[in-house]
Amino acid sequence: MPERVSVVENILSANDRLADEIQHQLNESHVFAINLMASPGAGKTTLIERTIEHLSGLFRIGMINGDIATSLDADRAAAAGAQAVQINTGGECHLDAVMLQQGLRKLDLTQLDLLLVENVGNLVCPASFRLGTHKSVLIASTPEGDDKPYKYPGMYRGVDALVINKIDLLPYISFDMDRFRQGVEILNPGVITFPLSCRTQDGITPWIDWLVFNIQNYREK
Ligand code: MG
Ligand code: ZN
């Protein structure tokens, strides 16, 4: 068992080194990057589309999508007006720094202000692989249930912001927002949350404002 543990540690530390290189590369081109993580169907791509629609007049936006197969999500981001790159992970259930670096080679970073990275839909291992992005965001959605922070603590613990999507469905489902928030608070005290609906656009403005604030703050450094 100790040998196996050290192999895993070596993989993660190699990933971390590459993640640091990626952040350096992004900083050289002044590109602010966000790692978006969620379970399948939480609305990552839809949130990306809305975000591009709101911000494309202000910033030049790129999108890298990691999916096990297909380029459907990157196509949607491109249609919304972003430079979009698809990474098919070949069965891997998360993005790692090597895959992100390959994706970055296909983008012209000098022509970007904001990079949105859509991770593979999964609430477990994406949390273990740093990508070198400046912020990580988890998108939860109400139909997944209010127990998810309790079941996937690793994912909730490390993120900089939490989007709670599909609040328009709250009248129709049994999702206890207080129970959900209590679980989040234990794991990630004070984390900023954005309850919103990508469909109705309710609550979308605070999310957009948070992005604008962070991009401007990053540029002033
Ligand atoms: Mg998607
Ligand atoms: Zn994985």
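**A walk around one predicted model**

Visitor: Let's start with K166. Is it buried, exposed or partly exposed?
Guide: One thing to keep in mind: this is a predicted model. The relative accessible area of K166 is 24%. Buried needs a value under 20% and exposed needs one over 50%, so K166 ends up in between, as partly exposed.

Visitor: And where along the chain does K166 sit?
Guide: K166 has a positive phi, near 70 degrees, although it isn't a glycine. To place it, look at the elements on either side, β6 (161–165) and α7 (177–187). K166 belongs to the loop between β6 and α7.

Visitor: H30 has a positive phi too. What is its value?
Guide: You'll find H30 in the loop between α1 (2–28) and β1 (32–38). Like K166, H30 is a residue other than glycine. Its phi is near 55 degrees.

Visitor: Is H30 buried or exposed?
Guide: Take its relative accessibility, which is 55%. The cut-off for this class is over 50%, so H30 counts as exposed.

Visitor: Let's look at the magnesium ion (ligand 1). Which residues coordinate it?
Guide: The donor atoms lie at 2.0 to 2.1 Å from the ion. In sequence, the donor residues follow the spacing T-x27-D-x44-E. Matching those letters to the chain gives T45 (OG1), D73 (OD) and E118 (OE).

Visitor: How many residues apart are T45 and E118?
Guide: T45 is in helix α2, while E118 is in strand β4 (residues 114–118). That pair links distant parts of the chain. Along the sequence, T45 and E118 are separated by 73 residues.

Visitor: Are T45 and E118 buried or exposed?
Guide: The test for the one class is a relative accessible area under 20%, and for the other over 50%. T45 and E118 share a class, and both are buried.

Visitor: Which residues hold the zinc ion (ligand 2)?
Guide: The distances here run from 2.0 to 2.3 Å. The donor spacing reads C-H-x30-C. The donors themselves are C93 (SG), H94 (ND1) and C125 (SG).

Visitor: Where do C93 and C125 sit, and how many residues apart are they?
Guide: C93 is in the loop between β3 (83–88) and α4 (97–104). C125 is in the loop between β4 and β5 (135–141). As a pair they link distant parts of the chain, and the separation in sequence is 32 residues.

Visitor: Which class of exposure does C125 fall into?
Guide: Let's check C93 beforehand: at 31% relative accessibility, C93 counts as partly exposed. For C125 the value is 18%. Since the cut-off is under 20%, C125 counts as buried.

Visitor: Back to α2. How are α2 and helix α8 oriented relative to each other?
Guide: Two packed helices are described by the angle between their axes and the distance between the axes. Helix α2 (residues 44–55) and helix α8 (residues 204–219) have axes that come within 11 Å and cross at roughly 70 degrees. Angles from 65 to 115 degrees share one label, so α2 and α8 are roughly perpendicular.

Visitor: Which residues of α8 make that contact with α2?
Guide: By class, the contact has seven nonpolar, two polar and one charged residues. From α2 come L47, R50, T51, H54 and L55. Their partners in α8 are I204, W207, I208, L211 and V212.

Visitor: How does α2 lie against α3?
Guide: The axes of α2 and helix α3 (residues 72–80) come within 9 Å and cross at roughly 15 degrees. Angles under 35 degrees fall into one class, so α2 and α3 are roughly parallel.

Visitor: Which residues of α3 meet α2?
Guide: On the α2 side you have T45, T46, I48, E49 and I52. Four nonpolar, two polar and three charged residues make up the contact. The α3 residues are D73, R76, A77 and A80.

Visitor: What about M155: which residues does it touch?
Guide: M155 is in helix α6 (residues 153–157). Its relative accessible area is 2%, so M155 is buried. Leaving out residues up to four places away in sequence, its contacts are M37, N122, L123, V124, P126, A127 and L138.

Visitor: Last one: which residues does I192 touch?
Guide: I192 lies in strand β7 (residues 192–195), and at 34% relative accessibility it counts as partly exposed. Not counting residues up to four places away in sequence, I192 touches D160, A161, L162 and W210.

Key: Residues are numbered from 1 along each chain as its sequence is written. Chains are lettered from A and ligands numbered from 1 in the order in which they are written. This is a predicted model: local features need pLDDT of at least 70, side-chain atom pairs count only at pLDDT 80 or more; totals for chains, interfaces and linings use all residues. Side-chain values use heavy atoms; hydrogens and water are left out. Axes are lines fitted to C-alpha atoms, for helices over the stretch in contact, and angles run from 0 to 180 degrees between N-to-C directions. Helices (H or I, at least four residues) and strands (E, at least two) are DSSP runs, numbered from the N terminus. Angles under 35 degrees count as roughly parallel, over 145 as roughly antiparallel, 65 to 115 as roughly perpendicular and the rest as oblique. Contact means heavy atoms within 4.5 Å. Ala, Val, Leu, Ile, Met, Phe, Trp, Tyr, Cys and Pro count as nonpolar, Asp, Glu, Lys and Arg as charged, and the others, Gly among them, as polar. Buried means under 20% relative accessible area, exposed over 50%, partly exposed in between (1.4 Å probe, protein chains only). Donors are N, O and S atoms within 2.8 Å of the metal (3.2 Å for Na, K and Ca); water is not among the atoms, so sites may look incomplete.
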